[in-house]
Amino acid sequence: MTRMLVTGAAGFIGANFVIQTLAKHPEYDITVVDALTYAGNKDNLKTVAEKIQFVEGDIADMDLMDKLIAGTDIVVHFAAESHVDNSLDDPSPFIKSNILGTFAILEAVRKHEKRLHHISTDEVFGDLELDSPDKFREDTPYDPSSPYSASKASSDMLVRAWQRSFGIQATISNCANNYGPYHHVEKFLPRQITNILTGQRPKLYGAGVNVREWTHVDDHNAAVLLILNKGRIGETYLIGSGEERQNKDILTELLEVMGQPADAYDFVPDRPGHDLRYAIDSTKIRDELGWTPKYTTLREGLDATVEWFKANEWWWKPQKDATEARYTKLGR
């Protein structure tokens, strides 16, 4: 069997990746490492707990990374502090996890000559004008605008430098906004879904005109698996569904899915430096690797996501009060 180490797999995207990989690729023997910070939740892996080895630990711990990576074949690096609002409140955890943690992984990968796939974000590219026809491409210059996106841009650059300087076997992917099961309730879509389910009004930043491209987490992870199996070493692949929406429009669509009036939400102050628009040109991964999203429309994915949250109150309800308390403190 192929031994796979997945970092950050008690988080949203990483947990879904482990679940999907075990279902489709039984040839992988998976070990998970996660520090179980507030966004990490072992319950995310409850359905596969007996099929994996779980290690609680910090990816910035170089001795731990050396030990774990020595005993694996492939490293899939999801672990990251990832919430923009939190990075504006306190950038320090983002520097430690996203930069120093990636450095520790790279040094172990280099020493033990292992295969690495590094998960990144489209936020490293900054933003696009609302009325621009442009989209992010693999060669778009980096222009991060928050401590979070700057730390992820730094981690991408480290991977590229280690690949060029030391010849490590690495690939990178940058994805648009994800949504789906196990999505932490601090994030935009699950926050609004759980607000409605608990009788609270959804919240919309500023005028709600900022545009995001939304990709279901299962489609993202299917793309990662393709890159692991077919991607060219040293290459970067952008993953995106093509489903762009203004925040106010996706909230209106969500309200419709959940049987609420279209104006049943409140405006809150915009976040500082809020990027205007993200949009991805995913031609490369579609043409080279044959990736296409299973969820062909955002509405189809929203329907499935809302049904999951309705059926899994046991998972999200314990997080809800603490999350809303943080937003109250931030005035959002």
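## A walk through the chain, starting at helix α5

Select residues 147-166 to begin: this is helix α5, and at 1.5 Å a residue its 20 residues should span 28 Å, which agrees with the 28 Å between its end C-alpha atoms. That expected span is 1.5 Å times one less than the number of residues in the helix. Helices (H or I, at least four residues) and strands (E, at least two) are DSSP runs, numbered from the N terminus.

Before you go on, a word about what is on your screen. This is a predicted model, where local features need pLDDT of at least 70 and side-chain atom pairs count only at pLDDT 80 or more, while totals for chains, interfaces and linings use all residues. Residues are numbered from 1 along each chain as its sequence is written, and side-chain values use heavy atoms, with hydrogens and water left out.

**Stay on α5.** Which of its residues are buried? Highlight Tyr-148, Ser-149, Ser-151, Lys-152, Ala-153, Ser-155, Asp-156, Val-159 and Trp-162. Buried means under 20% relative accessible area, exposed means over 50%, and partly exposed is in between (1.4 Å probe, protein chains only). Now show what covers these buried residues: α3 (84-89), α4, β5 and β6 (169-175) are included. Contact here means heavy atoms within 4.5 Å. Just after α5 comes Gly-167, with a positive phi near 75°.

**Next, two loops.** Go to Glu-113, in the loop between α4 (92-112) and β5 (115-121). Its phi is near 55°, a positive value in a residue other than glycine. Is Glu-113 buried or exposed? Glu-113 is exposed, as its relative accessible area is 72%.

Now jump to Tyr-182, in the loop between β7 (177-179) and α6 (188-197). Tyr-182 also isn't a glycine, and its phi is positive too, near 65°. With a relative accessible area of 9%, though, Tyr-182 is buried.

**On to strand β12.** Select residues 266-268 and pick out Phe-267. Phe-267 counts as exposed, at 52% relative accessibility. What does Phe-267 touch, not counting residues up to four places away in sequence? Look for Leu-204, Gly-206 and Ala-207. Then try a distance label to Asn-44: Phe-267 and Asn-44 are 223 residues apart in sequence and 31 Å apart in space, C-alpha to C-alpha.

**One more helix.** Thr-283 sits in α9 (residues 283-289). Thr-283 is partly exposed, with a relative accessible area of 40%. Draw another label, this time to Gly-240: the two are 43 residues apart in sequence and 9.3 Å apart in space, C-alpha to C-alpha.

**Finally, zoom out.** The chain has 11 helices and 12 strands. Along its principal axes, the C-alpha trace spans about 55 × 45 × 40 Å. A compact globule of 332 residues would have a radius of gyration near 20 Å, and the chain agrees with its 19 Å. (That radius is taken over C-alpha atoms, and the globule rule is 2.2 Å times the number of residues to the power 0.38.) Of the 332 residues, 57% count as buried. Among contacts between residues at least 6 apart in sequence, 82% join residues at least 24 apart.

Colour by charge for a last look: there are 37 positive and 50 negative side chains, and the centres of the two sets lie 2 Å apart. Lys and Arg count as positive and Asp and Glu as negative, with His and the chain ends not counted. The place of a charge is NZ of Lys, CZ of Arg, CG of Asp or CD of Glu.
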